[in-house]
Amino acid sequence: MKIITTGANGRLGKKLREVFPEATHTTRNELDFSDREAVYDFLQKEQPDVIIHAGAQTGIVNCDKDKEKAWSSNVLGTENLVWGVKKFCPDCHFIFLSTPCVFDGKAEEIAEDSIPNPSNFYGVTKLCGELLVRQLSNWCIVRSNFVMKEKYEYPKSFSDRYSNYLMDTDLAKAIKDVVEAKPMGIIHLVGSKRLSMYELSQRCDNAKDVQPTNLEEYYKNNPNSPKLTQNMMLVSTRWKKYKIGFSYE
């Protein structure tokens, strides 16, 4: 089985390298998926059985600051891959990594069949990517929320934003389960416990360096910020749940 991943230098991509050592892992330098001709040439040559599309412009604030870059990566880049798969490897199992930010964060829990309603540009771009992927004959959209175990990325962490998070290594191993099972449709890969972002940060290796904050304080200091998705709890109705540290509930 020939597996190709995108975003190999990203947070999740680095863990996918470990979980799929036999796969072809592409960085933006090796496969610029915003370049349609490059994508077509690559797919025609490689003929993959599975594509794990983890490459993306991420982060609510980052995507709002540079909408053109976010659109080029998350929408146009995904479109290029979708049309390339249709043309050159139509039976390929295409796994698209998405996010709870395709929802507005107001519902208590979000199931696979809940109606998306993004409240920020990042969520809009990922929802567009989801819609593009659904044009394929063999697609799987994986929504999840994760952080790096080795280092929480921010000096402050929200005590009032929630999700059933996984660590990056947990998610990479869960994606391996998906690759082996070959499901179609939308799947939520989630942890078994509701945690605030701050509670999650305290499980990371640099926990002592992270301080709590809240949305009220954040918006006061950043009045022009895009709206951050507050409740990112995903319900998994089609798949098993995982405990942080990768064991099944």
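Okay, before anything else, one term: a residue is called buried when its relative accessible area is under 20%, and exposed when that area is over 50%, with partly exposed in between. Also keep in mind that what we're looking at is a predicted model.

Let's use that term right away on strand E3. Val50 and Ile52 point one way from E3, while Ile51 and His53 point the other way, and all of them are buried. So who sits beside this strand? Strand E1, residues 3–6, runs parallel to E3, and four bridges join the two. If you want a spot to look at, find threonine 5, which stands opposite isoleucine 52 in E3. E3 is also joined to E4 by four bridges, and that pair runs parallel as well. Here the residue to find is isoleucine 51, whose bridge partner in E4 is phenylalanine 94.

Now, the cores. In soluble globular proteins, nonpolar side chains tend to be buried together. How many residues does the largest nonpolar core have here? It has 24, and Leu12, Phe20, Ile52, Ile95, Ile175, Val179 and Leu189 are the ones with the most contacts inside it. Helix H1 (11–19), strand E3 (50–53), strand E4 (93–98), strand E5 (139–143) and helix H6 (168–181) each give two or more residues to this core. Which of them gives the most? That's H6, with six residues.

There's a second core lying apart from that one, with 23 residues, and Ile51, Val75, Leu81 and Val82 are among them. Notice our strand E3 again: Ile52 belongs to the largest core, Ile51 belongs to the other core, and these two residues point opposite ways from the strand.

Let me zoom in on leucine 12 for a second. Leaving aside residues up to four places away in sequence, leucine 12 touches Ala54, Leu97, Phe146, Asp168, Leu171, Ala172 and Ile175.

Next, another sheet. This one is open, with three strands in the order E11-E8-E13 and mixed pairing. Why is one side of E11 and of E13 left without a neighbour in the sheet? Because strand E11 (195–196) and strand E13 (231–232) stand at the edges, each with a single partner strand. Strand E8, residues 162–163, is joined to E13 by two bridges, and these strands run parallel. Tyrosine 162 is the one standing opposite asparagine 231 in E13.

Last topic: charges. Searching the whole structure turns up twelve salt bridges, and I'll show you three. In one, glutamate 18 meets lysine 15 at 3.8 Å, N to O. They're three residues apart in helix H1, so about one helical turn separates them. Buried or exposed, what is glutamate 18? It's exposed, at 52% relative accessibility, whereas lysine 15 is buried, with a relative accessible area of 9%.

Then there's aspartate 32 with arginine 28, where the closest N and O atoms are 3.6 Å apart. Both count as partly exposed: aspartate 32 has a relative accessible area of 28%, and arginine 28 has 39%.

The third one joins aspartate 205 and lysine 149, at 2.6 Å, N to O. Aspartate 205 is in the loop between helix H7 (197–201) and strand E12 (211–213), and lysine 149 is in the loop between strand E6 (146–147) and strand E7 (156–158), so this pair ties together parts that are 56 residues apart in sequence. Lysine 149 is partly exposed, with a relative accessible area of 31%. And finally, Lys15, Glu18 and Glu150 are joined into one network by salt bridges that share partners.

Definitions and conventions
Residues numbered from 1 in each chain as written. Predicted model: local features only at pLDDT ≥ 70, side-chain atom pairs only at ≥ 80, totals over all residues. Heavy atoms only, no water. Core = buried A, V, L, I, M, F, W, Y, C linked by side-chain atoms within 4.5 Å. Buried < 20%, exposed > 50% of the residue type's maximum accessible area, 1.4 Å probe, protein only. Contact = heavy atoms within 4.5 Å. Pairing = 2+ DSSP bridges. Salt bridge = Lys/Arg side-chain N within 4 Å of Asp/Glu carboxyl O.
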